[in-house]
Amino acid sequence: MTRQRLNRATRCRHSTLHRSRMWMALSGAVLLSACGRGAAPPVADQKMQQSLDAGRSAYDLGYRAQALSAYRMAYQRALLSNDQAGLGSAGYNLAVVHLRDHQWQAALDAVSMTEKDLAIRGFGTPARLALVQAAALYQGKNYAQAARIACHLPSSPVAFGLRAQYFCGVSHVALGHDTQAQQSLTVLDHAGARDLRLRADRAALRAQLRLAQRLYAESLSAAQEAVTLNRLTGNHAAMRQMLDIAAISAEKLGRSDLAQALTRQRQQSLEAENAARIPSIEPDDPSAGTALSHSEPTRR
């Protein structure tokens with residue numbers, strides 16, 4: 001493909017759960033994305049792309065306040081150049097960073113803003129924005145609406161569909177809809193995904209559903225698997241959430257020593273993260289929140 005064709009191409013790369021019968025949680029955001037349809041070829045804007053790249057670099061280093069600033073700049077540049085794909089990328093990344101800081105309402109606001117700005121340009125809502133919205137609603141404990149969105153998202157590409165099934169399943173667990181949650185788990189089981197993040201999703205959903213069903217041995221095993229997988233992917237927040245589920249299951253099984261050890265591991269991880277947290281240079285930085293599962297901004 002020639003450089004000229006590349007320049008014309010439109011691209012996008014996409015726990016304490018509370019329920020009346022028991023206490024659990026898991027919160028998350030999204031990794032995958034899907035392009036909306038009908039996009040006009042974007043106007044090349046190197047400054048916008050540089051802002052997107054700077055945002056991702058700052059995010060990777062833990063400077064989430066700076067990442068937000070860079071993504072806001074990218075969003076403004078996209079408005080300036082009327083770049084629909086740029087709007088989708090910058091808006092999506094803004095929402096994801098807010099989710100990492102447990103700012104679910106700010107994430108919803110970013111999604112709403114992006115949807116409106118895309119709509120007035122005749123551009124539909126990318127599926128990845130809808131999945132971020134479902135994740136934010138789930139984090140805000142609006143489980144019914146989260147399920148309505150996540151359970152009706154496209155099943156393709158496969159990895160995106162499996163992420164949607166995960167949020168569909170955990171939302172139904174929170175609502176007490178075990179049958180529907182099991183349907184999502186069955187989809188994840190049959191997929192046999194090799195990706196560590198998707199395997200972590202499957203184990204996490206199984207752990208929560210089995211805990212809700214009072215199948216504590218199965219819940220403990222699945223939660224411990226999810227702990228290992230999330231450690232391997234560096235998703236320490238999700239790892240701690242699964243340590244919570246594992247500790248609850250161990251306590252229910254009468255394994256108090258194990259429950260205490262798991263709880264201590266979780267606390268040590270949180271203390272270490274707080275000790276290493278990079279201070280904000282922005283007065284409105286919401287960085288004191290809990291980081292979330294599978295939240296990674298994407299490059300355009």
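1. Asp45 is buried in this predicted model, its relative accessible area being 10%, and its carboxylate is engaged in a salt bridge with Arg77, for which the closest N and O atoms lie 3.2 Å apart. Because Arg77 belongs to helix H3 (residues 64-81) while Asp45 sits in the loop between strand S2 (22-23) and helix H2 (46-60), this pair ties together parts that are 32 residues apart in sequence. The arginine partner, Arg77, counts as partly exposed, at 21% relative accessibility, a value to be read against the cut-off of 20% under which a residue is called buried.

2. Helix H3 also contains Arg64, which forms a salt bridge with Asp101 at a closest N to O distance of 2.8 Å. Asp101 is placed in the loop between helix H4 (84-100) and helix H5 (104-119), so the contact joins parts separated by 37 residues in sequence. In this pair both residues, Arg64 and Asp101, are buried.

3. A further salt bridge links Asp244 with Arg266, with 2.9 Å between the closest N and O atoms. Here each partner lies in a helix, Asp244 in H12 (residues 236-252) and Arg266 in H13 (residues 256-276), so that the pair ties together parts 22 residues apart in sequence. Asp244 is buried, with a relative accessible area of 14%, whereas Arg266 is partly exposed, with a relative accessible area of 22%.

4. As for the overall count, the structure holds 9 salt bridges, among them the pairs Arg77 with Asp45, Arg64 with Asp101 and Asp244 with Arg266.

Notes
Residues are numbered from 1 along each chain as its sequence is written. This is a predicted model: local features need pLDDT of at least 70, side-chain atom pairs count only at pLDDT 80 or more; totals for chains, interfaces and linings use all residues. Side-chain values use heavy atoms; hydrogens and water are left out. A salt bridge is a side-chain nitrogen of Lys or Arg within 4 Å of a carboxyl oxygen of Asp or Glu. Helices (H or I, at least four residues) and strands (E, at least two) are DSSP runs, numbered from the N terminus. Buried means under 20% relative accessible area, exposed over 50%, partly exposed in between (1.4 Å probe, protein chains only).
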